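Visitor: Could you take me through one part of this structure up close? I'd like to look at a helix and whatever sits around it.

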Amino acid sequence: MPQKKGKDLSKILRKNLNEFQPLKRTLAIELADAAVEYPDKSFIKLFRTISTKYTNSLKEKQRKVINGLTDEFSNLSIAEKKAIKWWQKQQIEIINARLSNGVFSNRRFQNSFENFADKHGIQIDKIAIEQYFNRMPNSKNDTDAFVYKYKSRPADQIIYAMQKDSSPTIEHIREFSIYKSNNQGNLMAMCKDCNETRGILPYDKFIEMRPEMKRNIYKYFEDCEKILRTDTLSSDDKKYFKHYISKIRKTLFEVTKGALKQNKKSS
């Protein structure tokens with residue numbers, strides 16, 4: 001695909017739309033249209049050609065999050081709000097003058113604010129700050145951020161990142177940094193994107209922020225039950241796996257305060 005141009009590239013993109021992540025399909029269609037409009041441009045040049053509007057949109061989204069910070073923490077004193085307003089002004093200037101991927105880092109904004117708050121004695125819960133800054137668009141959940149992040153990457157990296165595949169990881173349901181538990185009832189498979197998005201958020205806060213995770217987790221249970229109904233496991237393995245499913249259902253029910261039902265199937 002990276003070597004194709006014009007109508008050939010457009011045809012390949014449209015033919016393989018289902019191979020892209022749902023969030024990236026609109027982007028793939030736009031690239032297919034651009035391939036026809038600019039028949040002499042390669043995939044990477046097309047990607048960079050359309051990137052300007054995505055960058056401008058990303059800046060606007062980040063400005064919105066930064067500007068809403070003082071309204072989020074309404075219990076601050078007038079002096080603290082005034083100090084944060086100064087910090088906000090500095091960050092808006094950085095966003096407007098953004099020149100490198102490093103400056104685009106959402107984590108940089110969060111770390112900057114946490115350091116600023118500590119320096120000025122502003123007491124804000126770390127989890128509340130994490131949850132707030134998770135509203136910042138990132139390349140996993142926002143097409144604007146994705147285009148900015150990848151516009152300087154090689155074409156094959158961009159195409160790979162647009163595809164459906166996502167590396168599986170082991171997720172600690174109760175935060176390992178707090179509970180230090182590797183008990184089987186505290187472990188479940190989760191894609192790398194969701195695992196990284198959660199960060200240190202408690203699970204009840206995580207599913208509030210990402211309500212689609214409830215559906216994903218019920219689907220996880222359903223897939224586990226399908227494995228139990230196959231002939232690929234021995235009787236002992238099935239007994240162990242059934243016990244595992246019961247344990248994680250119970251853990252998720254507890255950590256979400258009942259929001260994730262123990263016996264509810266996917267919907």
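Guide: Let's look at helix α4, its two packing partners and a pocket beside it.

First, some ground rules. This is a predicted model, where local features need pLDDT of at least 70, side-chain atom pairs count only at pLDDT 80 or more, and totals for chains, interfaces and linings use all residues. Residues are numbered from 1 along each chain as its sequence is written, and side-chain values use heavy atoms, leaving out hydrogens and water.

Helices here are DSSP runs (H or I, at least four residues), numbered from the N terminus. Two packed helices are described by the angle between their axes and the distance between the axes. Axes are lines fitted to C-alpha atoms over the stretch in contact, and angles run from 0 to 180 degrees between N-to-C directions.

Start with α4 and α9: they pack at about 120°, with their axes 8 Å apart. That makes α4 oblique to α9 (under 35 degrees counts as roughly parallel, over 145 as roughly antiparallel, 65 to 115 as roughly perpendicular, and the rest as oblique). Ser51, Tyr54, Thr55, Ser57, Leu58 and Lys61 of α4 make the contact with Thr143, Asp144, Ala145, Val147 and Tyr148 of α9, contact meaning heavy atoms within 4.5 Å. By class, the residues of this contact are 5 nonpolar, 4 polar and 2 charged. (Ala, Val, Leu, Ile, Met, Phe, Trp, Tyr, Cys and Pro count as nonpolar, Asp, Glu, Lys and Arg as charged, and the others, Gly among them, as polar.)

Now for α6, residues 78-96: α4 packs with α6 at about 175°, axes 10 Å apart, so α4 and α6 are roughly antiparallel. Here Lys59, Gln62, Arg63, Ile66 and Asn67 in α4 meet Trp87, Gln88, Gln91, Ile92, Ile95 and Asn96 in α6. That contact divides into 4 nonpolar, 5 polar and 2 charged residues.

On to the second largest pocket, with about 580 Å³ of space. A pocket is an open set of points on a 1 Å grid over the protein atoms alone, where a 1.4 Å probe fits, with protein on both sides within 12 Å along at least five of seven lines; lining residues have an atom within 4 Å of a point. Its volume is the space filled by probe spheres set on the points, which are joined across faces, edges and corners. Both α4 (51-67) and α9 (143-150) are among the elements giving two or more residues to the lining. The pocket has 23 lining residues, with Asn106, Arg107, Asn138, Ser139 and Lys140 nearest its centre. The lining has 7 nonpolar, 10 polar and 6 charged residues.
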